[in-house]
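Grab your viewer and work through a few exercises on salt bridges and strand pairing. Each one comes with a worked solution, so try it yourself before reading on.

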Amino acid sequence: MKRILIAPSRYQQGKDMLHELGAAIETYGTKALIVASDDDLKRMDNELNAAKAKQKFDAVYGNFGGECTHIEIKRLREVAKEEACDVIIGLGGGKALDTAKAISHFEKLPVIVIPTIASTDAPCSSLAVIYTENGEFDEYMFFTKNPDLVLVDSSVIAKAPVRFLVAGMGDALSTYFEARACEKSFADNIPGGKSTKAAVAIATLCYETLLEDSTKAKAACEGNVVTTALENIIEANILLSGLGFESSGLAAAHAVHNGLTAIEETHHYYHGEKVAFGVLVQLVLENASSEELERVISYNRSVGLPTTLKDLGISEVTPEKVKAIAKLACAEGETIYNMPFKVTEEDVCAAIVSADNLGGM
C-alpha cells in the first residue's frame, strides 16, 4: 500500500500579493498567456497595472469564454502556440483556473494560478472539472503535476462578492467528511495512492478552521477588509481544502454535486453551494449522528449555505428530479463509490429526500 501526498510547488498568500506577478513570471519565462474573462480583467485592472509598474512583463490575453470545455481549452492552446508563450496564467474563478491548468498540461508549460475569489479549492489541485457547452458536468481531467505557483491576493478576495467566499466554505466543508469516508474505505486518493496521516490532519484542520472563523471572515468580507479570520478562511478554502481533498479523496458529497447539475434550476448556483447540500446527503447515507447533522445544518445556516433543494432553486421537488440527481451521482466511475459501503441509486434518492426534509426543519 503506497501513501501519496501532492501539492503545488509554491503557495503565496497575503495583501497585495498580485503586485509580485512580474517577479513570478520572470521565474518561468518572459511571455505569459493570461486566461481570464473580460470582466475579471477589468476588475483586476488596477492590480495588474500596479504589478507592471513594479516589474514589467509581456502578456497575451486569451479572452476566456467562461466555461472550461474541451473546445475552449483547444482554442486557447492554439493561442499559446501562435504567441509563443512560455508560461500560462489562470486568473479568476475556478473555471478559468482549470482551463489554464489544462493548457499548461497539454502544452507542457508552467502555470501560475491566481484566484480572484475563494469559492473553490480548485487553485491548488492537479485536476480540472470539464463541463459541456450547456454547463453540465462532463468529466474530471487529471494532470501529472500541481500548479507551479498559487498566488493569492487577500485584498482582492476581500473585495469580491461575499457569496463567493461562502461558496468556498461549502466546498471546503466537504473535505473533512469525504476524507473520513475515503480513509474508512481505503479508497484511492486523486494521485492513486492512499491517504497520508498529514492529509487527514489537513482535512480535519480545514473543518475546525471553518467552524472557528467562518462567520468572522464573512463579516470582514462584507466590509471589504482583510482580518486574521479572513486570512484563515482563505487558507482553508484554497490551501487546506485543496490539499485535503486531493490527497485524501472525494466521496458522496461531490458526486451529489455532479448529480445536481442534471437539474437546470441549479445551474445558477455555485459549485460549493451544491457541494454543501451534498455533504448533508452524504451524512444521511452514513447515518451520521443527530449531533453531527445538526452541527453541519446549523453551520450552513450561519453562513448562508443551502440546506434544502429549494435553497438551490428547485422549488418543486418531484420524484423524477430526485431520480435524475441520483442517477448522475451514481454514474460509472463516480466518487460516490469511495464510500465505505455499497451505494445504490435507490439509497441516494432516499438520502436526498431525507436531507431535504432535515434541512427544512
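Two strands count as paired if DSSP finds at least two bridges between them. Keep in mind that this is a predicted model.

**Exercise 1. Work out how β2 and β4 are paired, and place them in their sheet.**

Step 1: Count the bridges. Four of them join β2 to β4, and the two strands run parallel.

Step 2: Pick one bridge. Val35 has Gly90 in β4 as its bridge partner.

Step 3: Zoom out to the sheet. It is open and has six strands in the order β1-β8-β5-β4-β2-β3, with parallel pairing. β1 (11–14) and β3 (58–61) each have a single partner strand, so one side of each has no neighbour in the sheet.

Step 4: Check the twist. Ignoring direction, neighbouring strands in this sheet are turned by 20° against each other on average.

**Exercise 2. Find what α4 and α5 touch on the sheet, and their angles to the strands.**

Step 1: Start with α4. This helix packs on the sheet and touches β2, β3 and β4, and its direction makes about 160° with that of β2.

Step 2: Move on to α5 (residues 94–107). Its contacts on the sheet are β2, β4 and β5 (111–115), and its direction makes about 170° with that of β4.

**Exercise 3. Explain what the Glu83 and Lys31 pair ties together.**

Step 1: Confirm the pair. The side chains of Glu83 and Lys31 form a salt bridge at 3.4 Å, N to O, which is inside the 4 Å cut-off.

Step 2: Locate both ends. Glu83 sits in the loop between α4 (70–82) and β4 (87–92), while Lys31 belongs to strand β2 (residues 31–35), so the pair links parts 52 residues apart in sequence.

Step 3: Look at accessibility. Glu83 is partly exposed at 33%, whereas Lys31 is buried at 18%.

**Exercise 4. Set the Asp213 pair beside the Lys321 pair.**

Step 1: Take Asp213 and Lys216, whose closest N and O atoms are 2.9 Å apart in a salt bridge. The two residues are three apart in helix α8 (residues 197–222), about one helical turn. Asp213 is buried at 8% relative accessible area, and Lys216 is partly exposed at 41%.

Step 2: Now take Lys321 and Glu265, a salt bridge with 2.8 Å between the closest N and O atoms. Lys321 lies in helix α13 (residues 319–329) and Glu265 in the loop between α10 (252–260) and α11 (271–285), so this pair ties together parts 56 residues apart in sequence. Glu265 is partly exposed, at 25%.

Definitions and conventions
Residues numbered from 1 in each chain as written. Predicted model: local features only at pLDDT ≥ 70, side-chain atom pairs only at ≥ 80, totals over all residues. Heavy atoms only, no water. Helix = DSSP H or I, 4+ residues; strand = E, 2+ residues; numbered from the N terminus. Buried < 20%, exposed > 50% of the residue type's maximum accessible area, 1.4 Å probe, protein only. Axes fitted to C-alpha atoms, helices over the stretch in contact; angles between N-to-C directions. Contact = heavy atoms within 4.5 Å.
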